[in-house]
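Trainee: I would like to learn how to read aromatic pairs, a nonpolar core and a helix crossing. Could you take me through them?

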Amino acid sequence: MNYMYKRMEAAGETAIFDRAELKQFEQYVADNYTEFYQNNVSYESKKEGDNFIITLFDNPVITMEEILLDIRG
């Protein structure tokens, strides 16, 4: 695990999703594509067992917490 990845995990920009939540996350990204693209928002996904680890990279417009509130709330 590299330094940048450790920092993002520590900053709370990583979430663990099951398959259903991953689909909600992907729909959120699709619905907000223009904003993500214009602000260079990017993320990494990694499959671990039945779960998916999503890490949102540093950006000025959205946090993982905000995304989770939208898709889980």
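Mentor: We will go through ring pairs, the core and one helix crossing. Keep in mind that this is a predicted model.

Trainee: How many aromatic pairs are there?

Mentor: Two rings pair if their centres lie within 6.5 Å, and planes over 60 degrees apart count as edge-to-face. The count here comes to 4 aromatic pairs. One of them joins Phe25 and Tyr43, edge-to-face, with 4.9 Å centre to centre and 85 degrees between the planes. Phe25 belongs to helix α2 (residues 19-31) and Tyr43 to strand β2 (residues 43-48), so this pair ties together parts 18 residues apart in sequence.

Trainee: Which residues do ring pairs link into a cluster?

Mentor: The cluster consists of Phe17, Phe25 and Tyr43. Phe25 is buried, at a relative accessible area of 0%, while Tyr43 is partly exposed, at 32%.

Trainee: Which residues have the most contacts inside the largest nonpolar core?

Mentor: In soluble globular proteins, nonpolar side chains tend to be buried together. In this model the largest nonpolar core has 16 residues, and Phe17, Phe25, Met64, Ile67 and Ile71 have the most contacts inside it. Two or more residues each come from β1 (14-17), α2, β3 (51-56) and α4 (64-72).

Trainee: At what angle do the axes of α2 and α4 cross?

Mentor: Two packed helices are described by the angle and the distance between their axes. The axes of α2 and α4 come within 10 Å and cross at roughly 110 degrees. The two helices, α2 and α4, are therefore roughly perpendicular to each other. Glu21, Gln24, Phe25 and Tyr28 of α2 make the contact with Ile67, Asp70, Ile71 and Arg72 of α4.

Methods: Residues are numbered from 1 along each chain as its sequence is written. This is a predicted model: local features need pLDDT of at least 70, side-chain atom pairs count only at pLDDT 80 or more; totals for chains, interfaces and linings use all residues. Side-chain values use heavy atoms; hydrogens and water are left out. Rings of Phe, Tyr and Trp (its six-membered ring) pair if their centres lie within 6.5 Å; planes under 30 degrees apart count as stacked, over 60 as edge-to-face and the rest as tilted. Helices (H or I, at least four residues) and strands (E, at least two) are DSSP runs, numbered from the N terminus. Buried means under 20% relative accessible area, exposed over 50%, partly exposed in between (1.4 Å probe, protein chains only). A nonpolar core is a set of buried Ala, Val, Leu, Ile, Met, Phe, Trp, Tyr and Cys residues joined through side-chain atoms within 4.5 Å. Axes are lines fitted to C-alpha atoms, for helices over the stretch in contact, and angles run from 0 to 180 degrees between N-to-C directions. Angles under 35 degrees count as roughly parallel, over 145 as roughly antiparallel, 65 to 115 as roughly perpendicular and the rest as oblique. Contact means heavy atoms within 4.5 Å.
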